[in-house]
Amino acid sequence: MIIAAVVGVCVVLAVLAFFVPRLSRHPERGTRRTLGAGARAGGKAPGILGRIFSKPFQSSSRAVGRSGSAGRRTRRRMPF
């Protein structure tokens, strides 16, 4: 379920970044901030569990950043 939510957020951000590149930065930052809080909370677990619990949030945050930048990059490359 969480995977589907992250994929949905990535798709929405990519579309938003394509159509309105300037206005896509705020939702992207908010999403990354939320995922960062989850990674920090997961990282407080002791030992190797901290890395295991925070890793899904870190990779999701990276995916959100990539989808937003991909939408803006595609918009920049359009001929019109």
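A helix here is a DSSP run of H or I covering at least four residues, and helices are numbered from the N terminus. With that in hand, the fold of this predicted model is quick to read: going along the sequence, the protein chain runs α-α-α. That makes three helices and zero strands.

Let's take the overall picture before zooming in. Measured out along the principal axes, the C-alpha atoms of the protein chain fill a box of roughly 55 × 20 × 15 Å. The chain has 80 residues, and 28% of them are buried. On the outside, the protein chain exposes about 5,900 Å², with carbon and sulfur atoms supplying 66% of that area. As for how the chain meets itself, take the contacts with a separation of 6 or more: 61% of them involve residues 24 or more positions apart.

Now for the largest pocket, which holds about 210 Å³ of space. The elements that each give two or more residues to its lining are helix 1 (2-19), helix 2 (25-43) and helix 3 (48-77). Helix 1 provides the largest share, with five residues. If you want to find the pocket on screen, pick out Ile2, Ile3, Ala5, Val6 and Val9, then add Thr31, Leu35, Pro56, Phe57, Ser60 and Val64 to complete the lining. In terms of chemistry, nine of the lining residues are nonpolar and two are polar, and there are no charged ones.

Next, have a look at the loop between helix 1 and helix 2, where serine 24 sits. Serine 24 has a relative accessible area of 1%, so it counts as buried, the cut-off being under 20%. Which residues does serine 24 touch, once those up to four places away in sequence are set aside? They are Leu13, Leu16, Ala17 and Arg72. With arginine 72 there is also a polar contact, in which the two side chains come to 2.8 Å.

A second serine worth a click is serine 67, found in helix 3. Serine 67 is buried too, because its relative accessibility is 12% and the limit is under 20%. Leaving out neighbours within four places in sequence, serine 67 is in contact with Cys10, Leu13 and Ala14. Leu13 therefore turns up in the contact lists of both serine 24 and serine 67.

Over in helix 2 you'll find arginine 32. Is arginine 32 buried or partly exposed? Its relative accessibility is 37%, so arginine 32 counts as partly exposed, a class that runs between 20% and 50%. Beyond its neighbours up to four places away, arginine 32 touches Ser61, Val64 and Gly65. Val64 also belongs to the lining of the largest pocket. The pairing with glycine 65 spans 33 residues in sequence, yet the C-alpha atoms are 7.5 Å apart in space.

For a contrast, go to the segment after helix 3, which is the place of methionine 78. Methionine 78 is partly exposed because its relative accessible area, 28%, falls between the 20% and 50% limits. Methionine 78 and alanine 45 are likewise 33 residues apart in sequence, but here the C-alpha to C-alpha distance is 46 Å.

Conventions:
Residues are numbered from 1 along each chain as its sequence is written. This is a predicted model: local features need pLDDT of at least 70, side-chain atom pairs count only at pLDDT 80 or more; totals for chains, interfaces and linings use all residues. Side-chain values use heavy atoms; hydrogens and water are left out. On a 1 Å grid over the protein atoms alone, a cavity is a set of points where a 1.4 Å probe fits but cannot get out, and a pocket is an open set with protein on both sides within 12 Å along at least five of seven lines; lining residues have an atom within 4 Å of a point. Grid points are joined across faces, edges and corners, and a volume is the space filled by probe spheres set on the points. Ala, Val, Leu, Ile, Met, Phe, Trp, Tyr, Cys and Pro count as nonpolar, Asp, Glu, Lys and Arg as charged, and the others, Gly among them, as polar. Buried means under 20% relative accessible area, exposed over 50%, partly exposed in between (1.4 Å probe, protein chains only). A polar contact is a pair of N or O atoms within 3.5 Å; within protein, one must be able to donate a hydrogen and the other to accept it, and residues adjacent in sequence count only if both atoms are side-chain atoms. Contact means heavy atoms within 4.5 Å. Accessible areas come from the Shrake-Rupley method with a 1.4 Å probe; for residues, only the protein chains shown count as cover.
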